[in-house]
Amino acid sequence: MAEWSDTVKTRLMAYCRIDTLEEGDEALLREFYAAAVSYMDQAGISEPKEATPRHAQYDLCINAMVLDSWDHRDMKEPVNQVTENAAFRRRLNQLKFSEPAVSDSDT
């Protein structure tokens with residue numbers, strides 16, 4: 001699983017347009033990040049090891065999921081009234097379809 005770092009924190013704060021973190025906000029942001037990474041892993045999408053365009057797509061999906069969690073953490077309206085980001089869905093599907101195959105010798 002991807003590790004939390006100052007680089008990740010800075011990237012997420014910039015993407016989510018968070019200027020300063022109040023008390024407890026960093027822990028919450030960290031949980032949203034861990035949940036997003038876990039979601040990707042469970043969806044069969046592993047984090048690319050190298051800085052590639054695929055890694056950029058992966059990071060954008062993580063960023064979008066964290067932002068969605070951040071923006072909707074106090075949501076009171078019914079969940080079915082929220083529409084999913086179509087660009088995020090296309091990016092996620094592309095990552096799933098292009099996931100490198102793992103041979104039996106790699107497992």
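In which hand does α3 pass α4 in a crossing? The crossing is left-handed. The model described here is predicted, and the report covers three helix pairs, a pocket and one lysine.

**Helix pairs**

The table lists the axis distances and crossing angles.

| Helix pair | Axes come within | Crossing angle |
|---|---|---|
| α2 (residues 25–42) and α3 (residues 53–71) | 9 Å | roughly 130° |
| α1 (residues 6–15) and α3 | 10 Å | roughly 60° |
| α3 and α4 | 10 Å | roughly 135° |

For α3 and α4, the axes cross at roughly 135°. Angles over 145 degrees count as roughly antiparallel and 65 to 115 as roughly perpendicular, with oblique covering what is left outside these and the roughly parallel range under 35. The two helices α3 and α4 are therefore oblique to each other. On the α3 side the residues that meet α4 are R54, Q57, Y58, L60, C61, A64 and M65, and their counterparts in α4 are F88, R91, L92, Q94 and L95. Sorted by class, this contact of α3 with α4 holds eight nonpolar, two polar and two charged residues.

The axes of α2 and α3 cross at roughly 130°, and these helices are therefore oblique to each other as well. Here α2 passes α3 in a right-handed crossing. From α2 the contact takes D25, L28, L29, F32, Y33, A36, V37, Y39 and M40, while α3 brings Y58, C61, I62, M65, V66, S69 and W70. The class count for the contact of α2 with α3 is 14 nonpolar, one polar and one charged.

The pair α1 and α3 crosses at roughly 60°, and this crossing is right-handed. Three residues of α1 take part, namely R11, L12 and Y15, and they are met from α3 by D59, L60, I62, N63, A64, V66 and L67. The residues in the contact of α1 with α3 comprise seven nonpolar, one polar and two charged.

Some α3 residues recur across these contacts. Y58, C61 and M65 are listed in the contact with α2 and also in the one with α4. I62 and V66 appear in the contact with α2 and in the contact with α1. L60 and A64 belong to the contact with α1 and to the contact with α4.

**Largest pocket**

The largest pocket has a volume of about 390 Å³. Its lining consists of 18 residues, and those nearest the pocket centre are A64, M65, D68, S69 and F88. At least two lining residues come from each of α2, α3 and α4 (86–97). The helix α3 gives the most, with six residues. By class the lining of the largest pocket has ten nonpolar, four polar and four charged residues. Among the residues nearest the centre, A64 and M65 are also part of the contact of α3 with α4, as is F88 from the α4 side.

**K9**

K9 is found in helix α1. Leaving aside residues up to four places away in sequence, K9 touches W4, L21 and E26. K9 and E26 lie 17 residues apart in sequence, and their C-alpha atoms are 8.2 Å apart in space.

Note on methods. Residues are numbered from 1 along each chain as its sequence is written. This is a predicted model: local features need pLDDT of at least 70, side-chain atom pairs count only at pLDDT 80 or more; totals for chains, interfaces and linings use all residues. Side-chain values use heavy atoms; hydrogens and water are left out. Axes are lines fitted to C-alpha atoms, for helices over the stretch in contact, and angles run from 0 to 180 degrees between N-to-C directions. Helices (H or I, at least four residues) and strands (E, at least two) are DSSP runs, numbered from the N terminus. A crossing is left-handed if the near helix is turned anticlockwise from the far one by less than a right angle, and right-handed if clockwise. Contact means heavy atoms within 4.5 Å. Ala, Val, Leu, Ile, Met, Phe, Trp, Tyr, Cys and Pro count as nonpolar, Asp, Glu, Lys and Arg as charged, and the others, Gly among them, as polar. On a 1 Å grid over the protein atoms alone, a cavity is a set of points where a 1.4 Å probe fits but cannot get out, and a pocket is an open set with protein on both sides within 12 Å along at least five of seven lines; lining residues have an atom within 4 Å of a point. Grid points are joined across faces, edges and corners, and a volume is the space filled by probe spheres set on the points.
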